[in-house]
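Morning, everyone. Let me walk you through one structure. Have a look at it first.

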Protein chains: 2
Amino acid sequence: MSDRAMGELAPPERLLLGPGPANIHPRVHLALAAPLLGHLDPAFLAIMDDTVTLLRQAFRTQNQLTIPISGTGSAGMEAALCNVLEPGDTIVIGVNGYFGERMSDMASRYGAKVVRVEAPWGTALQPELFEAALRQQASVKVVAVVHAETSTGVLQPLREIAALAKAKGALFLVDTVTSLGGADVRCDDWGIDICYSGTQKCIGAPPGLAPLTLSPQALAVLRARKTKVANWYLDLTLLDKYWGSDRVYHHTAPISMIYSLREALCITLEEGLDARHGRHHRSAAMLRAGLQGMGIQPFVPDSIRANPLTTVVIPAGVDDLAVRKALLNDFSIEIGGGLGPLRGKVWRVGLMGYNSTPRSVFTFLSALEQLLPRHGFKVSPGSGLAAAQHALAT
Amino acid sequence: MSDRAMGELAPPERLLLGPGPANIHPRVHLALAAPLLGHLDPAFLAIMDDTVTLLRQAFRTQNQLTIPISGTGSAGMEAALCNVLEPGDTIVIGVNGYFGERMSDMASRYGAKVVRVEAPWGTALQPELFEAALRQQASVKVVAVVHAETSTGVLQPLREIAALAKAKGALFLVDTVTSLGGADVRCDDWGIDICYSGTQKCIGAPPGLAPLTLSPQALAVLRARKTKVANWYLDLTLLDKYWGSDRVYHHTAPISMIYSLREALCITLEEGLDARHGRHHRSAAMLRAGLQGMGIQPFVPDSIRANPLTTVVIPAGVDDLAVRKALLNDFSIEIGGGLGPLRGKVWRVGLMGYNSTPRSVFTFLSALEQLLPRHGFKVSPGSGLAAAQHALAT
């Protein structure tokens with residue numbers, strides 16, 4: 001053996017308070033490092049079965065077809081769309097942020113006719129506008145919505161839109177990348193037909209997998225397709241045969257990532273979904289109170305806020321990049337900048353999964369209080385912490 | 001916290017001698033467990049750059065566009081095809097095994113006209129047949145070949161086919177999932193335009209990523225597309241902007257998997273590619289000698305064997321599944337069964353990356369010598385080991 005081919009791999013320890021990934025529980029770190037198994041080993045098949053069982057609980061569903069897609073959340077989005085859409089189908093998509101835009105782009109690549117129901121970034125989608133849009137279409141295959149829009153921190157009302165989709169005979173498709181594990185998601189109760197998420201946010205695993213579930217109605221649409229799914233890797237007619245009892249080889253499952261997801265889901269369900277959602281609610285409330293105490297305003301009102309991701313307006317005159325760089329370099333804390341039209345206008349502060357704690361909030365507020373005065377924004381010392389502590393106590 | 005949501009994650013320690021995944025170096029286990037970073041953190045961007053630099057060395061290329069796709073080897077296959085094919089394009093595909101078939105399926109989903117150049121499973125593709133097939137086509141966009149066919153253990157001649165593709169003005173696309181890191185692959189010298197691999201075989205990382213490289217010619221074809229890439233997640237026009245200097249967000253990179261790939265590539269290149277290929281050659285020779293010493297015949301002749309994966313004919317009267325089960329349960333050794341028409345007819349024994357060692361060969365032969373007599377196949381004691389030891393010594 002010669003010298004090292006490269007410097008040693010030594011990623012710094014960060015507090016990850018951006019839009020994801022978040023930090024993960026030490027048990028999940030250990031799971032990643034567990035011995036590898038073959039993808040058809042009975043011991044691995046049992047781990048797959050466990051993972052499916054746990055995912056059903058996380059999605060609050062009985063759906064048979066519930067699996068992790070072997071790609072990141074965006075692969076989940078594409079799998080959700082490409083399996084039910086055929087060329088010429090109409091899909092009605094709510095667009096009030098970056099990820100609604102992304103859905104529109106993807107759906108059009110599969111030859112669907114995309115009808116957009118828009119709302120300004122930072123506001124929630126309006127069920128009435130869906131009603132109007134649906135009325136104008138002869139037939140609609142899918143109605144699609146991003147639950148927690150990661151670009152704005154807005155949570156959409158799902159039940160009303162679900163009812164409208166159902167009345168039109170359309171499937172209801174929901175992106176829960178940023179909500180699952182951090183905000184209530186009830187696939188069966190709310191009538192969600194297709195739901196996908198990511199692993200690196202409130203579920204508490206590293207990025208790399210996309211949990212996905214299909215209702216019996218969605219499965220029937222998949223089985224009645226006239227054309228092959230245009231995307232081989234994400235073709236659920238094939239994936240279902242590997243994850244189902246047939247165990248027909250499709251692709252080599254990402255073993256270590258599945259380990260990490262199983263462990264993260266165990267931790268999530270040991271805490272309990274309701275308790276976990278409550279924790280995300282309290283952390284977000286503390287953070288918002290603390291920031292307001294410092295004179296920084298939230299970008300969206302409380303009534304439509306997504307607890308896992310808080311967006312705040314960057315105070316006038318403050319240099320976005322300079323503050324984020326200082327947070328990273330001086331305190332090893334990551335927060336997110338704005339996407340698209342919100343670039344330079346908002347910060348996105350994630351309190352997700354393992355990181356959704358008073359400790360994270362205090363650490364972040366303390367660092368920000370120290371930094372902001374150096375960047376032209378006056379903060380009365382301790383004002384943020386005091387407000388956050390007050391929120392924690394009440 | 002309540003009780004555990006599930007039994008503890010405790011995968012048994014296996015010797016993975018199937019078609020992949022193989023076992024990984026302890027340094028790679030540690031890399032998987034390293035602290036997470038955000039996907040736009042400068043510290044992670046540096047790790048991405050390192051990974052690209054190392055991948056170029058592994059592929060023996062100067063290609064600018066060289067990245068790991070965030071999916072398994074099959075996603076690499078699909079990325080290779082969908083980015084250069086447009087509806088109506090002609091692709092000539094060598095089919096002499098399961099993965100050539102898979103390429104044909106994928107290419108047809110993207111609307112390409114597929115011309116198959118076939119050879120019986122267990123034989124190598126014949127350049128003359130490519131010559132004849134190319135002569136019959138007015139214009140060919142891509143010629144595609146699987147270097148080491150994982151279903152048969154056959155290595156294809158690449159240089160002759162590359163020259164034919166080039167003469168026809170077609171791009172040359174090669175699957176090196178099972179060869180990269182275990183057999184010589186020279187993208188630039190041999191005129192390979194599009195090359196992809198997997199991480200879980202001779203490269204020595206867990207499954208989950210697909211290294212991919214495109215020559216300037218392939219990149220020009222990508223940039224001259226008339227239609228958007230039909231597959232959003234694998235769209236290299238978008239991925240290139242994230243992995244290139246623009247750093248435009250596309251999807252959240254699978255951080256831990258990238259760590260593991262970087263570390264595995266470091267180990268690969270510290271050993272040196274030539275030394276590593278020599279090791280794979282010697283291990284395969286030992287294994288074949290040992291099996292022949294026991295009276296078990298290889299499925300393919302030495303002249304076309306792929307060293308990372310040895311296929312052998314299951315002796316008449318021996319129960320395929322019973323032996324593989326006993327290997328797994330009594331000795332914790334995994335080998336692979338046959339795929340498709342070779343089911344029940346061959347075993348596939350992988351000696352890949354970290355596992356391509358005399359120790360693996362001795363362990364496997366010893367276990368097999370003990371098992372086979374119980375399953376109706378007489379073995380003269382020590383005959384396999386003696387032959388393997390002799391091969392090691394010469």
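I'll take the two chains, then the sheet, then the helices.

Keep in mind that this is a predicted model.

Chains first. Two copies of a chain are related by a rotation about an axis and a shift along it. Here, a turn of 180° and a shift of 0.0 Å along the axis lay chain B on chain A, with an RMSD of 0.0 Å. So the two copies are related as by a two-fold rotation axis. Both copies use the same surface: 100% of the contact residues of chain B recur in chain A.

Now the sheet, in chain B. How many strands form the open sheet? Seven, in the order S2-S10-S9-S8-S5-S3-S4, and the pairing is mixed. The edge strands of chain B are S2 (65–69) and S4 (113–118), and each pairs on one side only. From one strand to the next, the twist averages 15°.

Zoom in on one pair. In chain B, strand S5 (residues 142–146) and strand S8 (residues 171–175) run parallel, joined by five bridges. B:Val146 has B:Asp175 in S8(B) as its bridge partner.

On to helices. Helix H2 (residues 42–59) of chain B lies across S2, S9 and S10 of chain B, at about 105° to S2(B).

Next, helix H3 (residues 73–82) and helix H4 (residues 98–109) of chain B. Their axes come within 10 Å and cross at roughly 45°. H3(B) and H4(B) are therefore oblique to each other. The crossing of H3(B) and H4(B) is right-handed.

Which residues of H3(B) meet H4(B)? B:Met77, B:Glu78 and B:Leu81 do; on the H4(B) side are B:Arg102, B:Met103, B:Met106 and B:Ala107. This contact of H3(B) with H4(B) has five nonpolar residues, no polar ones and two charged.

Definitions and conventions:
Residues are numbered from 1 along each chain as its sequence is written. Chains are lettered from A and ligands numbered from 1 in the order in which they are written. This is a predicted model: local features need pLDDT of at least 70, side-chain atom pairs count only at pLDDT 80 or more; totals for chains, interfaces and linings use all residues. Copies are superposed by least squares on the C-alpha atoms of residues with pLDDT of at least 70 in both. Two residues are in contact if their C-beta atoms, placed from the backbone, lie within 7 Å. Two strands pair if DSSP finds at least two bridges between them. Helices (H or I, at least four residues) and strands (E, at least two) are DSSP runs, numbered from the N terminus. Axes are lines fitted to C-alpha atoms, for helices over the stretch in contact, and angles run from 0 to 180 degrees between N-to-C directions. Angles under 35 degrees count as roughly parallel, over 145 as roughly antiparallel, 65 to 115 as roughly perpendicular and the rest as oblique. A crossing is left-handed if the near helix is turned anticlockwise from the far one by less than a right angle, and right-handed if clockwise. Ala, Val, Leu, Ile, Met, Phe, Trp, Tyr, Cys and Pro count as nonpolar, Asp, Glu, Lys and Arg as charged, and the others, Gly among them, as polar.
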